[in-house]
Amino acid sequence: MVIMDDLINYYSFTKEEWRHFHNESEANLPLTPSELKHIKAFNDQISIQDVADIYKPLVHMIRLQKNNFDEWQTTKARFLRKQVRAVPFIIGISGSVAVGKSTTARVLKELLTNYFTGEHIQLITTDGFLYSNAELKQRGLYNKKGFPESYNMRELIAFLNEVKSGVAVTKSPVYSHQSYDIIPNRYDIVDRPDVLIIEGINTLQLPSNEQIYVSDFTDFSIYMDADVHLIEKWYLERFGRLMDTAFQDPDNYYYDYAMGDRDEAFAMARNVWNTVDLPNLKENILPTRSRADMVMHKTDHHLIDRLYLRKY
Ligand SMILES: Nc1ncnc2c1ncn2[C@@H]1O[C@H](COP(=O)(O)OP(=O)(O)OP(=O)(O)O)[C@@H](O)[C@H]1O
Ligand SMILES: CC(C)(CO)[C@@H](O)C(=O)NCCC(=O)O
């Protein structure tokens with residue numbers, strides 16, 4: 001297997017090296033109590049040291065990149081004698097199921113909202129573009145949820161095209177982990193954001209039947225990476241936590257498992273990991289890693305130990 005250090009087109013940094021890449025004024029800005037509260041509210045296990053060491057320089061770098069992006073959009077519009085308009089900057093976050101994409105996406109949203117004063121930052125997940133369970137069953141894909149063919153990529157790309165084109169009120173369908181299905185007629189509204197973060201296992205994929213890809217719309221892409229055995233551990237740990245919380249709700253898809261034998265429930269979860277999520281990681285997600293602008297590598301306790309930044 002190719003490891004990232006082998007790739008000649010990436011800079012590789014330890015956490016210690018990376019944390020020095022900041023702009024002095026921002027580095028001195030402490031995390032505000034309200035930011036800390038928000039971050040802890042959605043994940044009380046996250047390392048706040050990582051938020052300071054990793055995400056603050058990252059947010060500063062994204063600021064510089066977005067400034068460049070805005071300038072080029074203006075220059076290009078003037079060259080083409082078109083009206084200058086704000087074009088959303090889109091950040092894609094990819095990686096395995098349970099590697100921590102949602103957590104990273106939410107931390108980033110929180111920090112961007114605080115540091116990009118006055119700008120409108122939105123976050124969506126590609127989960128909403130999965131086919132419904134009924135449709136998946138009809139297509140013989142029910143046991144392939146998360147695989148490239150289980151998503152309506154055409155709809156996802158049309159959505160991103162509308163967002164980039166400046167269409168007001170674009171609709172992103174909603175997936176529920178509670179019902180394990182798409183919620184009919186429910187949408188998240190994306191309304192001309194300055195930055196849109198799009199999180200999902202397929203944000204770096206190249207579907208074979210499309211001419212245009214999600215990555216054609218992203219301006220910065222991040223791949224969350226970790227050893228597969230650790231990711232499996234996190235998957236099962238999360239399952240255990242959900243067994244004690246969300247699955248206790250009679251409307252939850254996994255309610256019967258939460259009420260039944262615990263070992264049996266874990267055997268089922270292990271089986272889903274081994275037959276769906278792990279093969280998907282190996283066949284369809286990991287091969288997209290070398291297309292990312294940045295790879296964040298995590299180790300025990302979700303701590304980030306290395307970062308890779310594309311040189312060119
Ligand atoms: N930085 C972190 N610190 C501590 N725990 C974390 C961190 N990131 C993620 N986790 C935990 O790891 C598990 C998976 O994280 P998360 O739900 O963010 O993953 P995901 O990649 O979005 O997964 P999925 O694709 O299944 O939605 C969760 O239980 C989450 O609480
Ligand atoms: C919705 C996805 C595909 C991606 O977030 C994932 O969380 C999922 O449900 N995978 C299917 C197998 C499983 O339940 O883990």
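**Group meeting: a walk from Val99 outward**

Okay, let's start with Val99: leaving out residues up to four places away in sequence, Val99 touches Met224, Ala226 and Ile231. Before I go on, keep in mind that this is a predicted model.

So where does Val99 sit? It's in the loop between E2 and H5. And is Val99 buried or exposed? It's buried, because 26 other C-beta atoms lie within 10 Å, and 20 or more is what it takes.

Val97 is in that loop too, between strand E2, residues 89-95, and H5. Val97 counts as buried because it has 20 C-beta neighbours inside 10 Å, and the cut-off for buried is 20 or more. Its contacts, again not counting residues up to four places away in sequence, are Gly146, Ile201, Tyr235 and Asp277.

Now, both valines turn up in the UniProt record. The unreviewed entry has a "binding site" annotation that covers Gly95, Ser96, Val97, Ala98, Val99, Gly100, Lys101 and Ser102. The UniProt entry, also unreviewed, places a "domain: Phosphoribulokinase/uridine kinase" feature at residues 90-238. In the model, that span is 30% helix and 26% strand, and its end C-alpha atoms lie 28 Å apart.

On to the ligands. Which residues come nearest to ligand 1? Of the 15 around it, those are Gly100, Ser102, Thr103, Arg238 and His302. Two elements give two or more residues to that shell: helix H5, 101-115, and helix H8, 228-244. H5 gives the most, three residues. If you sort the shell of ligand 1 by type, you get six nonpolar, seven polar and two charged.

Ligand 2 has our Val97 beside it, along with Asp127, Lys145, Gly146, Ile201, Val272, Val276 and Asp277. Some of those names you've just heard: Gly146, Ile201 and Asp277 are also contacts of Val97. The shell around ligand 2 splits into four nonpolar, one polar and three charged.

Next, helix H4, residues 48-79. With 32 residues, H4 runs 45 Å from its first C-alpha to its last, close to the 46 Å expected at 1.5 Å a residue. Where does H4 bend? At Tyr55, by about 35°, and a proline, Pro57, follows within four residues. Both Tyr55 and Pro57 are among the buried residues of H4, together with Ile54, Lys56, Leu58, Val59 and Ile62.

After H4 comes Arg81, in the loop that leads from H4 to E2. Arg81 is exposed, because just 6 other C-beta atoms lie within 10 Å. Its phi is positive, near 55°. Why point that out? Most residues other than glycine have a negative phi.

Val87 is in that H4 to E2 loop as well. With 20 C-beta neighbours inside 10 Å, though, Val87 counts as buried. Leaving aside neighbours within four places in sequence, Val87 is in contact with Gln73 and Lys164. Val87 and Asp191 are 104 residues apart in sequence, and their C-alpha atoms are 12 Å apart in space.

One last stop, His301, in the loop between strand E8, 294-298, and strand E9, 304-310. Phi is positive here too, near 60°. His301 counts as exposed because it has 11 C-beta neighbours inside 10 Å, and 12 or fewer makes a residue exposed. And His302, as I said, is one of the residues that come nearest to ligand 1.

That's it from me, thanks.

Technical notes: Residues are numbered from 1 along each chain as its sequence is written. Chains are lettered from A and ligands numbered from 1 in the order in which they are written. This is a predicted model: local features need pLDDT of at least 70, side-chain atom pairs count only at pLDDT 80 or more; totals for chains, interfaces and linings use all residues. A residue is near a molecule or strand if its C-beta atom, placed from the backbone, lies within 6 Å of it. Ala, Val, Leu, Ile, Met, Phe, Trp, Tyr, Cys and Pro count as nonpolar, Asp, Glu, Lys and Arg as charged, and the others, Gly among them, as polar. UniProt positions are given in the numbering used here, feature names are shortened, and annotations may be inferred rather than shown by experiment. Two residues are in contact if their C-beta atoms, placed from the backbone, lie within 7 Å. The expected span of a helix is 1.5 Å times one less than its number of residues. The bend at a residue is the angle between axes fitted to the seven residues ending there and the seven starting there.
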